[in-house]
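Please load the model in a viewer and keep the selection panel open. The tour below proceeds from one selection to the next.

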Amino acid sequence: MKETDKPCDLVTESKYIVFEGELMQLFATCCEPTTGIIDQRVNTGWGSMLRIIQDCDNCHYTRTWNSQPMKGNLPLGNLMMSATIVYSGSKVSQVLRLAHIFGLKMFSR
Ligand SMILES: [Zn+2]
């Protein structure tokens, strides 16, 4: 989370469903044209958050990208989704079932 981000900005900010195959196209190259091998490590296990660690063996460019803003070690999208489920009156079991059927990464109970 950037210093200028305010919680209400994150609430009103648009969020999107992104397919992994489409997203990984963005990480197939490094910042420079290269013939090097780009190592992409996809780190899941953060509920709805995805972390991509990219290393280029040619120019040694490396970066870590998170799909959600973080507050310390807490992915804020997971927190906001939990709050949204509660405040919308939705049943957690139904939301998690919908996510599972759709293939949407989500935290579990
Ligand atoms: Zn490179």
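In which loop is the place of Asn 58? Select Asn 58: the residue sits in the loop between β2 and β3. Helices (H or I, at least four residues) and strands (E, at least two) are DSSP runs here, numbered from the N terminus.

Before continuing, note the conventions. Residue numbers start from 1 along each chain as its sequence is written. The model is predicted, and local features need pLDDT of at least 70, side-chain atom pairs count only at pLDDT 80 or more, and totals for chains, interfaces and linings use all residues.

Remain at Asn 58 and display the C-beta atoms, which are placed from the backbone. A residue is termed buried if 20 or more other C-beta atoms lie within 10 Å of its own, exposed if 12 or fewer, and partly exposed in between. Asn 58 is partly exposed because 13 other C-beta atoms lie within 10 Å. Next, add Cys 30 to the selection: its C-alpha atom is separated from that of Asn 58 by 9.4 Å, although the two residues are 28 residues apart along the chain.

Move along the loop to His 60, which also lies between β2 (49-56) and β3 (62-66). His 60 counts as exposed because it has 9 C-beta neighbours inside 10 Å. Its phi is positive, about 65°, although the residue is not a glycine. Most residues other than glycine have a negative phi.

Now select the two flanking strands. β2 and β3 pair in the antiparallel sense over five bridges, where pairing requires that DSSP finds at least two bridges between two strands. Within this pair, Ile 52 stands opposite Trp 65 in β3. The hairpin has five residues between its strands.

Proceed to helix α3 (residues 76-88). The expected span of a helix is 1.5 Å times one less than its number of residues; the 13 residues of α3 should therefore span 18 Å, and the end C-alpha atoms are indeed 18 Å apart. Just after α3, Gly 89 takes a positive phi of about 80°.

Continue to helix α4 (residues 92-102), which is hardly covered: the count of buried residues among its 11 residues is zero. Gly 103, just after α4, has a positive phi of about 90°.

Finally, display the whole protein. It contains four helices and five strands, in the order α-α-β-β-β-β-β-α-α from the N terminus on. Of its 109 residues, 6% count as buried.
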